[in-house]
Amino acid sequence: LKELDEEVKKTKLLFQRRIGEDGKTYTKEEFLIKFHDQQKWQDSKKPEDDDRPKWTIKDFCGPRLGAVVADSFTPQNAKGDTDWQIAFMRTLGRKGSVEMVKGLLQSQDVVTSLANEIFECAKEISAAAAATGEQLNDKFAAEGAYAMSFGTRADYFNGLEVRIGAPNPKVLDTMIKEHCGCADSTAEWTTGNYGIETTARTEWLLVAGEIIDELRDWRAELLAQDPQASGQPDEVPDQDWKAWQVVGSKLAKQDKDRPRDWPKETKNGTHGRTDSRSRGFLKELAAINNRLRALGEKTLLIEEALGLRLYTGPLFEKYNAVNRGGSLSGIKIAFMEERFHQLCGEKGKENRFTTTIYVLTSGLVKASKLSKAVIVFRGMSGGI
């Protein structure tokens, strides 16, 4: 340890910095190469601390070491089972002890695992070209990241059309085509969040099929209560109910092709769609519309409800890919553009889901009238 301490002192000298005659900041090696004067180095001022985050062992190694420790005392039969892990921690907190935890860690030889991970961290730092703590922090913050770009005020007010084109006024027919009649419609892809292998056409048929089921079941429920009734809910105005029936009839033309089962989750499957998706959502739509109507606001169309429901499933990846990498104008980030083509069709055959995205936007704007304005934060994984 004494030899290591001496070596640390020598290495630390490499991180000293001084301000040169040109006002720039240099390490000692850089300074001597530039000015060839040891005395000037001694006489030069040290730079003041800036506001950039400082590199620390805790920040760099902490998450990795924490993961090693947590993994070591997680029972093997609880891996991937959230309920089991919560039950284990609660039981440990109620019935366990510090000595029991020490025993768990010792049985897994955690010290060896931590030593291996610490040494890997140290090797990464020793191989880094960055010369100062600030440079190290910048390097590891940016490594593997992509640079985001800011739009202008004009980009905001220009709206969607310059980005993804104009929508088709035949809304439902076009939405059907965008999901069932384009080059990417039957192309399988696997979602990143739940590992669902599916297609745009499959998702459309399943979600549209539930619209059909809800319309039929709601009407049947009312008629069962009163066989002499019209089958129209009191909470849905005549104009809306007629429009919903037209949509239901159009969707029913494809219903014979609806898959029997929903594509399965291959990860994070503790709340899978088959068991957890909402029921009675058209009744909820009617309630939302009545609240909007009471405020004098525009109500949601059933097509907008359909689009929003699609967005809560795997298709959000395709819609987001259009907005992030499929723009017809403006700055494009290369890997996002590549991802757009992977998901939405090769160049010349791209599907931008233009009308669907307009429908989504319209539905979100309308529904937002019932939301409270709050500050929100949006992370961009891998972006700076």
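The protein contains 19 helices and four strands, where helices (H or I, at least four residues) and strands (E, at least two) are DSSP runs numbered from the N terminus. This is a predicted model, in which local features need pLDDT of at least 70, side-chain atom pairs count only at pLDDT 80 or more, and totals for chains, interfaces and linings use all residues. Residues are numbered from 1 along each chain as its sequence is written, and side-chain values use heavy atoms, with hydrogens and water left out.

**Overall figures**

Of the 384 residues in the protein, 32% are buried; buried means under 20% relative accessible area, exposed over 50%, and partly exposed in between, with a 1.4 Å probe and protein chains only. The exposed area of the protein is about 24800 Å², and carbon and sulfur atoms supply 54% of it. Accessible areas come from the Shrake-Rupley method with a 1.4 Å probe, and for residues only the protein chains shown count as cover. Among contacts (heavy atoms within 4.5 Å) with a separation of 6 or more, 68% join residues 24 or more positions apart.

**Helix H16 and its cover**

Helix H16 (residues 302–311) is mostly covered, with eight of its ten residues buried. These buried residues are Ile-302, Glu-303, Glu-304, Ala-305, Leu-306, Gly-307, Arg-309 and Leu-310. Their cover includes helix H11 (171–180), helix H12 (200–225), helix H13 (238–252), H15, H17 and helix H19 (354–367).

Asn-289 belongs to one of these covering helices, H15 (residues 281–294). Asn-289 is buried, its relative accessible area being 1%. Apart from neighbours within four places in sequence, Asn-289 contacts Asp-240, Thr-299 and Leu-300.

**Packing of H17 with H18 and H19**

Two packed helices are described by the angle between their axes and the distance between the axes. Here the axes are lines fitted to C-alpha atoms, for helices over the stretch in contact, and angles run from 0 to 180 degrees between N-to-C directions.

Helix H17 (residues 316–325) packs against helix H18 (residues 334–344) at an angle of about 140°, the axes being 8 Å apart. H17 is therefore oblique to H18, because angles under 35 degrees count as roughly parallel, over 145 as roughly antiparallel, 65 to 115 as roughly perpendicular and the rest as oblique. The crossing of H17 and H18 is left-handed, a term used if the near helix is turned anticlockwise from the far one by less than a right angle, with right-handed used if clockwise. On the H17 side the contact involves Glu-317, Lys-318, Ala-321, Val-322, Arg-324 and Gly-325, and on the H18 side Met-336, Glu-337, Arg-339, Phe-340, Leu-343 and Cys-344. By class, the contact of H17 with H18 has six nonpolar, one polar and five charged residues. In this scheme Ala, Val, Leu, Ile, Met, Phe, Trp, Tyr, Cys and Pro count as nonpolar, Asp, Glu, Lys and Arg as charged, and the others, Gly among them, as polar.

H17 also meets H19: their axes come within 11 Å and cross at roughly 95°. That makes H17 roughly perpendicular to H19. Tyr-319, Val-322 and Asn-323 of H17 make this contact with Thr-356, Ile-357 and Leu-360 of H19. The contact of H17 with H19 divides into four nonpolar, two polar and no charged residues.

**Two residues with positive phi**

Most residues other than glycine have a negative phi, and most peptide bonds are trans. Asp-109 has a positive phi although it is not a glycine, and Phe-353 likewise has a positive value in a residue other than glycine.

| Residue | Phi | Loop | Relative accessibility |
|---|---|---|---|
| Asp-109 | about 50° | between helix H6 (98–107) and helix H7 (110–127) | 41%, partly exposed |
| Phe-353 | near 45° | between H18 and H19 | 0%, buried |

**Phe-88 and Pro-75**

Phe-88 sits in helix H5 (residues 82–95), while Pro-75 lies in the loop between helix H4 (57–73) and H5. Phe-88 counts as buried at 19% relative accessibility, and Pro-75 is buried at 18%.

Not counting residues up to four places away in sequence, Phe-88 touches Phe-73, Pro-75 and Leu-104. With neighbours within four places again left aside, Pro-75 is in contact with Trp-84 and Phe-88. Phe-88 and Ala-78, ten residues apart in sequence, are 8.4 Å apart from C-alpha to C-alpha. Pro-75 and Gln-85 are ten residues apart along the chain, and their C-alpha atoms are separated by 8.1 Å.
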